[in-house]
Amino acid sequence: GRCRLLCKPSALAQHLVRSLGRSAALRGGRWPWPRWPQLQMLWQLLQPPELEPVVARELLQLPDAGLVALDWLVGPWGAAGGGGGISSPVLLLIPNAVGKVTGGLLQLGLRALERGFIPVIFNRRGHNGCPLTTPRLQPFGDPGDLREAVTYLRCRHPSASLLAVSEGSGSGLLLAYLGESGFSSRLAAAACLSPIFRGRDWFEAGMPWLYEWPLLLHLKQGLSRYMGALAEVVDMDRLLGSRSLRELEETLFCRTRSRPTSWESYWERNEPLRDADEAAVPVLCLCSADDPVRGPSAQSLPRELFRSSPYFFLLLTPHGGHCGFPRRAPGRCWAHEAVLEYFRAMAEFLRTEERRKGLPRPR
């Protein structure tokens, strides 16, 4: 279609161009309102999945006694249907930063399940019904809890490839993890749908109210369940009275009673791309030029990163909104098919390289 792949020239880049060029995902049905990104965003985010998934929840205890939740998608067929074998690739799905599991993310998980993946949703502390056992939530770009979850998944599925895909602002967590972990990330590949690359700029610029207010209310509703525990460390009246995501983020993580810090210091530790030069895992970022949430492309897309790093690939489309990418075809979102095709192409490329070089498969 009219997509462009921006990346550093390499053998892997050439392979991706061929694979995505042959894929029918980028030639989906036409969207009748291509220049209405707000409508595309709402259409995709508010649509429920075509089939209601069956989810098996598992709580993972962290070293400080906190909990994160792992929701395993076992399909609309119950525990006996769908799913892959013992060596099927595990696909870790990361929701947006406020913990909203959208219908689009569930739809991607179901599509992956049909293709033989083992999809699992990562829920942060206190998000999506996960109990908050410590008066601590996960900052925007702190990958510590995600690292524990990846370690657990690797131990549970030692012979499987581990992949990850994030949606919207949740990409800040995945990008920060890849940068901090480098070669020890334990992931084979990753993908980001409509990622937020510059966290501080994004919070300070604000978003269209049509997107920000529902997310703000969703986050406040979840936090209000833990007023007693959080009152020890933050001003709950100020927190629940926040009028923007920036004000809530600053109250929750900067103006704490025990360890207050400045807004500048907070982002020195939580910018998604602070260690991007250390990333050593191929990452496909699917972005729309008319994304109303990320902001203007000229300021919000780090094009130099994609030109200089051999691990970052930007698939840029002129229209698609924020996590929308709609089409008139089964699945409704062509980006889901593109992500699954990308993972297939990555596995094919790695197998070819192993045979060419005569390398044993890593254990």
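Which element gives the largest share of the lining of the largest cavity? In this predicted model, that element is α10, with five residues. The helix turns up again in a helix pair and in an open pocket, so to speak, and the passages below take these places in turn.The structure holds four cavities of 30 Å³ or more, and the largest has a volume of about 200 Å³. Its lining is made up of 19 residues, with Ala97, Val98, His127, Leu219 and Glu249 lying nearest the centre. Two or more lining residues come from each of α6 (199-205), α7 and α10. By residue type, the lining of this cavity splits into 13 nonpolar, three polar and three charged. As for where the largest cavity sits, domain 1 (4-26 + 36-75 + 87-198 + 275-352) and domain 2 (199-270) both give residues to its lining, so the cavity lies between them.

Two of the helices that line the largest cavity, α7 and α10, also pair up with each other. Helix α7 covers residues 209-223 and helix α10 covers residues 245-253; their axes come within 10 Å and cross at roughly 30°. With angles under 35 degrees counted as roughly parallel, that makes α7 roughly parallel to α10. On the α7 side, the contact involves Glu212, Leu216, Leu219, Lys220 and Leu223, and these meet Leu245, Leu248 and Leu252 of α10. Sorted by type, the residues of this contact come out as six nonpolar, no polar and two charged. Leu219 of α7 has a part in both places: it is in the contact with α10, and it is among the residues nearest the centre of the largest cavity.

Next comes a pocket, which is an open space rather than a closed one. The second largest pocket has a volume of about 570 Å³. Its lining counts 22 residues, and those nearest its centre are Arg136, Leu137, Pro139, Phe253 and Thr256. The elements that give two or more residues here are α10 and α11 (263-270), and α11 gives the most, with three residues. The lining of the second largest pocket breaks down into eleven nonpolar, five polar and six charged residues. Both domains chip in: at least three lining residues come from domain 1 (4-26 + 36-75 + 87-198 + 275-352), and at least three from domain 2 (199-270).

Put together, α10 gives five residues to the lining of the largest cavity, packs against α7 through Leu245, Leu248 and Leu252, and gives two or more residues to the lining of the second largest pocket.

Conventions. Residues are numbered from 1 along each chain as its sequence is written. This is a predicted model: local features need pLDDT of at least 70, side-chain atom pairs count only at pLDDT 80 or more; totals for chains, interfaces and linings use all residues. Side-chain values use heavy atoms; hydrogens and water are left out. Axes are lines fitted to C-alpha atoms, for helices over the stretch in contact, and angles run from 0 to 180 degrees between N-to-C directions. Helices (H or I, at least four residues) and strands (E, at least two) are DSSP runs, numbered from the N terminus. Angles under 35 degrees count as roughly parallel, over 145 as roughly antiparallel, 65 to 115 as roughly perpendicular and the rest as oblique. Contact means heavy atoms within 4.5 Å. Ala, Val, Leu, Ile, Met, Phe, Trp, Tyr, Cys and Pro count as nonpolar, Asp, Glu, Lys and Arg as charged, and the others, Gly among them, as polar. On a 1 Å grid over the protein atoms alone, a cavity is a set of points where a 1.4 Å probe fits but cannot get out, and a pocket is an open set with protein on both sides within 12 Å along at least five of seven lines; lining residues have an atom within 4 Å of a point. Grid points are joined across faces, edges and corners, and a volume is the space filled by probe spheres set on the points. Domain bounds come from an automatic or database domain assignment.
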